[in-house]
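Me: I've got a structure here and want to know what backs up each label people put on it. Can you go through it with me?

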Amino acid sequence: SRIMWRLSAGNRRSVVIYVTFFVIANIISLLQPLIIAHVLNVIQEVGVNRENLRSLLLFLALFTVQDFLFWIFHGPARIMERSNAFLVRAKYKKDLLAGTLALPLEWHVDHHSGDTIDKIEKGTRAVYDFTEHGFQVIESIVRFIGSLIAIAIFNLNAIFVILLLVVVALRALATFDKKLVAQYKALNQ
């Protein structure tokens, strides 16, 4: 993320805009369970009759409106994100190639050019993939926070249990990652 931000120089305004759009789009998507809950509550409490049919149909139409609003923000944000990913990849590749070409001739004699090109390509592809799929990270964060808020509305005490479980899960992931990162470094060598 620091690399992406550094390489997005000149395009950072766009990054802030598309991240904001992704947050808004995901907040809009969190409205779907509320729409369903309202429709089901009305049906359970009074059933479907002439008086509430119009209201129920209006709330069901909100699904389309909610989906449309989601894509109003998500679609342009994806386009901006992918454009930025392309620029980030190009800048990163340019930086890596410039650094490689600036190395002394002895270094080039000792290192196979195909291997160097392969490493540059793998690195730029990884940066591109991360930058292009940042929306997934934003979606996960917004959905997690939205879920916590929803649970807090019904049972504030449950939040403490959930946060404890999240800490335990993150600790377990960090333990596995520590071992995996060492193995990936060895593999990449």
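Me: What share of the contacts in the protein between residues at least 6 apart in sequence join residues at least 24 apart?
Reply: That share is 75%. Keep in mind that this is a predicted model.

Me: How many helices and strands are there in the protein?
Reply: Eight helices and zero strands. From the N terminus on, the order reads α-α-α-α-α-α-α-α.

Me: Why is the protein called more spread out than a compact globule?
Reply: Set its radius of gyration, 24 Å, against the globule rule, which gives 16 Å for 189 residues; the value is well over that, so the label "more spread out" follows. Along the principal axes, the C-alpha atoms fill a box of roughly 85 × 35 × 25 Å.

Me: Why is asparagine 84 called buried?
Reply: Because its relative accessible area is 0%, and buried means under 20%. Of the 189 residues in the protein, 23% count as buried. You'll find asparagine 84 in helix α4, residues 50-101.

Me: What makes the pairing of asparagine 84 and serine 8 a polar contact?
Reply: Their side chains are joined at 3.1 Å, and the cut-off for a pair of N or O atoms is within 3.5 Å. The side chain of tyrosine 18 also makes a polar contact with that of asparagine 84, at 3.5 Å.

Me: Which residues does asparagine 84 touch, not counting those up to four places away in sequence?
Reply: Met4, Ser8, Asn11, Val15, Tyr18 and Thr131.

Notes: Residues are numbered from 1 along each chain as its sequence is written. This is a predicted model: local features need pLDDT of at least 70, side-chain atom pairs count only at pLDDT 80 or more; totals for chains, interfaces and linings use all residues. Side-chain values use heavy atoms; hydrogens and water are left out. Helices (H or I, at least four residues) and strands (E, at least two) are DSSP runs, numbered from the N terminus. The radius of gyration is taken over C-alpha atoms; the globule rule is 2.2 Å times the number of residues to the power 0.38. Buried means under 20% relative accessible area, exposed over 50%, partly exposed in between (1.4 Å probe, protein chains only). Contact means heavy atoms within 4.5 Å. A polar contact is a pair of N or O atoms within 3.5 Å; within protein, one must be able to donate a hydrogen and the other to accept it, and residues adjacent in sequence count only if both atoms are side-chain atoms.
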